[in-house]
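User: I would like a close look at one part of this protein, taken slowly and with the reasoning kept in view. Please treat the structure below as the starting point.

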Amino acid sequence: MCVSFMCFPQHQQFLALFNRIKFTRLLLTALIAFTKKETSSVGEAQKLVAQAADLLSAIHSSIQHGIQSQNDTTKGDHPIMMGFEPLVNQRLLPPTFPRYAKIIKREDMVVYFSKLIERIKTVCDVINTTNLHGILDFFCEFSEQSPCVLSRSLLQTTFLIDNKKVFGTHLMQDMIKDALRYFVSPPVLSYKCCLFNNHQAKDYIDSFVTHCSRPFCSLIQIHGHNRARQRDKLGHILEEFATLQDEAEKVDAALHSLLMKLEPQRQHLACLGTWILYHNLRIMIQYLLSGFELELYSMHEYYYIYWYLSEFLYAWLMSTLSRADSSQMAEERILEEQLKGRSSKKTKKKKKVRPLSKEITMSQAYQNMCAGMYKTMVALDMDGKVRKPQFELDSEQVRYEHRFAPFNSVVTPPPVHYIQFKEMSDLKKYNPPPGSADLYLAASKHFQQAKLILENVPSPDPEVTRILKVAKPNIVVMKLLAGGHKKETKVLPEFDFTAHKYFPVVKII
């Protein structure tokens, strides 16, 4: 009895060591599974990380076993362990600026691995996404969580295996064709259209889709970088999409002239061009919005960033989405008429949910939020509540042109230059020109409109909730400011981005 009691602590130590070795084996085997070409290997990795996750509670409960680290002030705050040198990797690092890699505590280690496993489980879910737009949204949402470089790399290797096939099974060209069908329903990709089996039309569309493959792969791979690097690369990829835009318009024109000869009742105007324009606008919007997340803009710059978004980019985006939706409806109408001609039976029409309806709704909400913030900033500036720099070595025009420089390579939509911006945003063109109280009221109406739009969204996602957390308090603050609340005080307002990274809650102290 005494012997077994004495062996109990040793048994616990052996068990703790066994759990750690098993956890390491499972985690490394899961990582190796991601390097395999078969899609089934992702399912294998899921099982392995689930088993590894089950061991973390046992590892956490046995942290007190083994040799405990000691802190030596002569070596900074690195924990000192017998037989282990924490700075051994310093010689292996590339010759760049010093990288301080602190070894975390055992308790923090369990939390870190727990979060890593959750991220790996999320990565595995990407294979359930079947279309290109869904994959792009998945990458954007995953990147917003600022995941570690390991989980970002795993997502990239899962998406494009050997830089050839999506998930190792689908050709990128086929994914692009499916995305086109989903978004704009071009006649050339409709099985019921005469262009579908036309050799010349096939050559046009296949050439265009092949040219799209590399820029779209690059766009998805950009989301594997950290947020700051992403923004830099988004600015550069606009050049490739501008070239695609030009090609799309030429292919559309060629396909339209072919279709007019074969099926005069149909048209192929701006189908491919609309799709590329949509992605162009998304990149431009993401580029500008990420500047708020990375805290790149000064307070006095907010007004022209929000103006560009609300009056220009979101206006173009909604127009593009509406055109795509109309194109889908026109194609569906032609297909229905063809089916009616063949069948004598009357079919009941079911109310169909429009594929792009949610995105149109969210774009309207974003536009109203940007317009509300633009008018808020102009009104605050009128009341002398925006700190401006002393422009000695530069000017507002220099800053404006620097902020929108990447857009100069884009032909559609054409960039708005500083002089145009000043003319378009000049309040003196109104008679009488609005005062700060009028602008605060107008801003509150925009926030109110965004609130109404979002409250009617069926099954709202976390993003809807986050925007509502900003819109509601801003409605109240704008109404107070319109009524002259604290107008005399020169204390600058606070912009709180904790609820949403792109839209702040305005606080008047």
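Which helix supplies the largest share of the lining of the second largest cavity? Please start from there and work outwards to the surroundings.

Analyst: The model is a predicted one, and what follows should be read with that in mind. The largest share of the lining of the second largest cavity comes from helix 9, which gives 4 residues. The structure holds 2 cavities of 30 Å³ or more, and the second largest of them encloses about 40 Å³ of space. Rolling a probe the size of a water molecule over the atoms shows where such empty space is left.

The residues around the second largest cavity are Leu136, Leu219, His223, His279, Arg282, Ile283 and Gln286. Sorted by class, that lining has 3 nonpolar, 3 polar and 1 charged residues.

Arg282 leads on to the next feature, since this residue, listed in the lining of the second largest cavity, is also among the residues that lie nearest the centre of the largest pocket, together with Asp137, Glu141, Glu144 and Tyr366. The largest pocket has a volume of about 1200 Å³ and is lined by 39 residues. Helix 9 (271–293) is one of the helices that each supply at least two residues of this lining, the others being helix 4 (132–144), helix 6 (172–183), helix 8 (227–262), helix 10 (302–342), helix 11 and helix 15. Here too the largest share comes from helix 9, with 7 residues. By class, the lining of the largest pocket has 17 nonpolar, 9 polar and 13 charged residues.

Tyr366, one of the residues nearest the centre of the largest pocket, also takes part in the contact of helix 11 with helix 15. The axes of helix 11 (residues 357–382) and helix 15 (residues 462–482) come within 12 Å and cross at roughly 35°, and the crossing is left-handed. On the side of helix 11, the contact is made by Met362, Tyr366, Met369, Met373 and Thr376, while helix 15 brings Glu463, Val464, Ile467, Val470, Ala471, Asn474 and Met478. These residues divide into 9 nonpolar, 2 polar and 1 charged. An α-helix has 3.6 residues a turn, so residues three or four places apart point the same way. The numbering of Met362, Tyr366, Met369, Met373 and Thr376 in helix 11 can be read against that spacing.

The length of helix 11 can be checked as well: at 1.5 Å a residue its 26 residues should span 38 Å, and because its end C-alpha atoms are 38 Å apart, the two values agree. Just after helix 11, Gly384 takes a positive phi of about 70°.

Two of the helices that help to line the largest pocket, helix 4 and helix 6, are each followed by a loop that deserves a look at the backbone. Most residues other than glycine have a negative phi, and most peptide bonds are trans. Ser146, in the loop between helix 4 and helix 5 (149–159), has a positive phi near 50°. Ser185, in the loop between helix 6 and helix 7 (199–222), likewise has a positive phi, of about 45°, although it is not a glycine.

Key. Residues are numbered from 1 along each chain as its sequence is written. This is a predicted model: local features need pLDDT of at least 70, side-chain atom pairs count only at pLDDT 80 or more; totals for chains, interfaces and linings use all residues. Side-chain values use heavy atoms; hydrogens and water are left out. Axes are lines fitted to C-alpha atoms, for helices over the stretch in contact, and angles run from 0 to 180 degrees between N-to-C directions. A crossing is left-handed if the near helix is turned anticlockwise from the far one by less than a right angle, and right-handed if clockwise. Contact means heavy atoms within 4.5 Å. Ala, Val, Leu, Ile, Met, Phe, Trp, Tyr, Cys and Pro count as nonpolar, Asp, Glu, Lys and Arg as charged, and the others, Gly among them, as polar. On a 1 Å grid over the protein atoms alone, a cavity is a set of points where a 1.4 Å probe fits but cannot get out, and a pocket is an open set with protein on both sides within 12 Å along at least five of seven lines; lining residues have an atom within 4 Å of a point. Grid points are joined across faces, edges and corners, and a volume is the space filled by probe spheres set on the points. The expected span of a helix is 1.5 Å times one less than its number of residues.
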